[in-house]
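Student: Could we go through this structure slowly, asking at each step how a description is justified?
Tutor: Gladly; here it is.

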Amino acid sequence: MKIKLKFFAYYETLFQKDEMEVEISEHTTVRDVFFKVLHKNPHAHQLFKNTMFAVNQSYVQSATKLNSDDELAFIPPVAGG
Amino acid sequence: MSQIVKVVSKPIDVEPYRKWVKHPSCGAYVEFLGCVRNHNEGLSVTKLAYQAYSEMAEKEMKKLVDRIRNITRCVFVHRIGTLDIGDIAVCVLLSSAHRKDAFEACQFLLNGLKSVVPIWKKEFYDTEKSKWIGCKDDCLK
């Protein structure tokens with residue numbers, strides 16, 4: 001099944017795009033997807049610790065399982081105001 | 001409580017909000033304007049670019065507003081896009097019967113904005129460099 005990834009701020013710069021589709025299997029979690037797309041990044045674990053995640057525009061835990069057509073956003077530290 | 005909560009891409013005109021927030025039952029009005037300053041951490045800032053996950057940002061802002069109490073009218077607006085020095089990035093206007101509730105609500109909304117609302121800012125410096133605030137350095141600690 002497919003999900004859509006949304007990238008903002010630091011992640012948009014890192015991936016040089018603001019969204020992408022990824023193919024995942026059943027029972028895949030948010031954490032699984034994060035490490036799948038950042039598997040080549042030497043800072044992946046540090047980044048993970050400082051990133052929040054949203055599925056369909058609501059914050060979720062990284063252990064959350066994904067469903068087909070979900071929209072998963074990587075939320076780096078926010079800086080409004 | 002009546003409320004105006006939104007993320008906008010055009011300059012924020014505060015005057016209509018000042019009129020709207022007035023109410024005969026209120027004796028206290030608190031207004032906060034967050035503006036772009038020309039320096040940060042010893043560097044000269046020339047402009048800021050704000051980015052938002054807009055639909056979610058508005059949802060999170062509304063959740064924060066839903067948690068404040070004893071407020072009659074509330075304006076909570078954040079601007080995105082490229083802002084120049086002195087431009088208003090965020091405005092909060094609150095009316096309440098007594099000052100304590102309005103002051104506390106203002107602090108609560110601004111603290112919440114800086115912890116859960118998905119809005120980011122990129123600083124541009126006079127050295128031609130730029131960086132996302134709070135992102136890379138904090139992410140790699």
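Tutor: Strands are DSSP runs of E with at least two residues, helices are runs of H or I with at least four, and both are numbered from the N terminus; two strands pair if DSSP finds at least two bridges between them. The model is predicted, so local features need pLDDT of at least 70 and side-chain atom pairs 80 or more, while totals for chains, interfaces and linings use all residues. Residues are numbered from 1 along each chain as its sequence is written, and chains are lettered from A in the order in which they are written.

Student: How do you know that S1(B) and strand S5 of chain B pair?
Tutor: Pairing asks for at least two bridges, and 7 bridges join S1(B) to S5(B), residues 73–79, so they count as paired, running parallel. Within this pair, B:Lys6 stands opposite B:Val77.

Student: What makes S1 and S2 of chain B edge strands?
Tutor: In the open sheet of 4 strands, whose order is S1-S5-S7-S2 with mixed pairing, strand S1 (2–8) and strand S2 (28–35) each pair on one side only.

Student: Which residue class is the most numerous on the side of chain A that touches chain B?
Tutor: Contact means that C-beta atoms, placed from the backbone, lie within 7 Å, and chain A gives 19 residues, chain B 27. Ala, Val, Leu, Ile, Met, Phe, Trp, Tyr, Cys and Pro count as nonpolar, Asp, Glu, Lys and Arg as charged, and the others, Gly among them, as polar; on the side of chain A, 11 are nonpolar, 7 polar and 1 charged, so the nonpolar class is the most numerous.

Conventions: Contact = placed C-beta atoms within 7 Å.
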